[in-house]
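The following questions ask how the terms applied to a structure are justified. Each answer sets a value against a definition.

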There are 2 protein chains.
Amino acid sequence: MHALVFDGQLKLARDYPAPRAPAGEARVRVLRAGICNTDIEIIRGYLGFRGVLGHEFVGALDDGTRVVGEINASDATCPTCLRGDETHCPNRTTLGIVNRDGALAEFLVLPTRNLQRVPDAVSDAHAVFVEPLAAACEITERVHIRPTDRVAVIGDGKLGLLCAQVLHLTGCDLIAIGRHANKLAILARRGIATTTDPDSIRGAFDVVVDCAGHASGFELARKLLRPRGTLVLKSTFHGAQAMPFAPIVIDEIAIVGSRCGPFAPALRLLEKKLVDVDALMDSEFPITRGIEAFERAVQPGVLKVQIVMEETGK
Amino acid sequence: MHALVFDGQLKLARDYPAPRAPAGEARVRVLRAGICNTDIEIIRGYLGFRGVLGHEFVGALDDGTRVVGEINASDATCPTCLRGDETHCPNRTTLGIVNRDGALAEFLVLPTRNLQRVPDAVSDAHAVFVEPLAAACEITERVHIRPTDRVAVIGDGKLGLLCAQVLHLTGCDLIAIGRHANKLAILARRGIATTTDPDSIRGAFDVVVDCAGHASGFELARKLLRPRGTLVLKSTFHGAQAMPFAPIVIDEIAIVGSRCGPFAPALRLLEKKLVDVDALMDSEFPITRGIEAFERAVQPGVLKVQIVMEETGK
């Protein structure tokens, strides 16, 4: 099958062996898949992954049922899984990220329990956004956002734009802080306050979500937060940051890491058109032009690039 | 009056001017006061404080009522105070720490609303522990500790010993990790599991409380914590620590700073003898021997040193 493979270099394979589903897993014919910043970071050496890239997808089962899939394949039997933290299973593989070939190929396999049916009202192009939108929902899954809270989202990349839209729905007093007027305009069109000048806003936010993707996002988040406020970390950038500890104790800050999220609410938000993902689309390429698609995706400021395997007319 | 004053050097003043209470404040005749690690850090340059040291005390009002006092004097009118975060008032002074003379003197002043009556069943020596015990109660005030949680306390200094005792009362599965068998024995006598060898315990703690007072405590805490666990920071040591961010996001850790706590529950715990502070006493000195008291308090491994102003027979 066709597949976009990273073996130290990104390559388009034309005869990559199609996966077979072991017991408990299903083979999915991929319809569309997205290129995520994590894929780009993997190409730059993050996590040392080798294999088929990609973890954002919509596909079809043999009977034609359209599905999306949670990307963490857990063992479902260990204490971590049994307490409900399957996405943290110490024995997990992760689609296109850790020890499991990914979605930028004609076929993939995932545990059957990871798959969720896509409602008819959700198009293929939209369904590919379920995975990153679920990651945005993980903020409200992990942290109680009150409708009376003042909330700031730092970063106007794809994840920041989805996080701001999810937080907007809580009714909170929200502002999105970014560097690109054209991306912030996507949020402004939905009535979300935005700024490219963080110095123009007074601090004392109850919650600040760092989606900046670089260390300066944390510094700004810390500055904007009120004492006893919550700083949600979404960025998984490389390296360590020198963090002074005493101010965290003195101001009684909470720092909460947030990663993969629940698919069911993300599907509901898309089905009910409560989140705009059309505005996040940049371009689509057939898998045969996958290298070109990556060249496009790594350009600064480019939003979602999708790879089309086969058209369903949805 | 006699006072232990830091003006770049620690000095015993014999004729320091006694404070007068402004409107809304009360003058308290200090009966006893404790020497805290924060006092020792101030002498080493922390926070740049100048004035009378000390913030752990029991005293008497003019009518003889024994009182303890919350150390943060807030303005009680700003948005921070009005939402209930008085200890974070941006205009606060803090007894013996920030812009307010402290308790290691014959008299101090504090806002009347900061004072709480000491029950008869609580001795002077015990009442001096209300402030640090309140800081221990701030853990359970800030974080929901479940009786089913596995909890570790790192550090067997005075604060660690109090935190472990408060957490023990939740019924949680607790272990205290320290470096001094003699201090851990105080906890062991109360039925708390202890170890000097963190390598001997398996990880996956739901909550880890870092009272170590040095950077290695954070590293150990991080190692012991399960994914989605909570790391409570009590240590206010100097300097910054290089913290890798990606693991916080990937493991969805929560890091929660915790500082000063509520006095009322601390008084209840002492009144009902649910916490042992006798075992934390090292020695007591009259204020005229205050310099000697500090020389004792800075010795490694020494527990609580108290300064006695005047005996009440309690």
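**Charge, compactness and burial**

Chain A carries 36 positive and 38 negative side chains, and the centres of the two sets are 2 Å apart. Here Lys and Arg count as positive and Asp and Glu as negative, with His and the chain ends not counted; the place of a charge is NZ of Lys, CZ of Arg, CG of Asp or CD of Glu. This is a predicted model, in which local features need pLDDT of at least 70 and side-chain atom pairs count only at pLDDT 80 or more, while totals for chains, interfaces and linings use all residues. Residues are numbered from 1 along each chain as its sequence is written, chains are lettered from A and ligands numbered from 1 in the order in which they are written, and side-chain values use heavy atoms, without hydrogens and water.

Q: How many helices and strands does chain A have?
A: Chain A has 10 helices and 19 strands, where helices (H or I, at least four residues) and strands (E, at least two) are DSSP runs numbered from the N terminus.

Q: Why is chain A called as compact as a globular protein of that length?
A: Its radius of gyration, taken over C-alpha atoms, is 19 Å, and the globule rule gives 20 Å for 314 residues; the two values are close, so the description applies. The rule is 2.2 Å times the number of residues to the power 0.38.

Q: Why is N99(A) called exposed?
A: Exposed means over 50% relative accessible area, buried under 20%, and partly exposed in between (1.4 Å probe, protein chains only). N99(A) has 68% relative accessibility, and therefore counts as exposed. This residue lies in the loop between β8 (93–94) and β9 (107–111) of chain A.

Q: What makes E252(A) count as buried?
A: Its relative accessibility is 0%, so E252(A) counts as buried. E252(A) is in the loop between α8 (246–250) and β17 (254–257) of chain A.

Q: What is notable about the phi of E252(A)?
A: Phi of E252(A) is near 50 degrees, a positive value in a residue other than glycine. Most residues other than glycine have a negative phi.

Q: Which residues of helix α10 (residues 290–297) of chain B are buried, and how do you know that they are on the same side?
A: G290(B), A293(B), F294(B) and A297(B) are buried. They cover an arc of only 100 degrees around the axis, which puts them on the same side of α10(B); the arc is that of the directions from the helix axis to the C-beta atoms.
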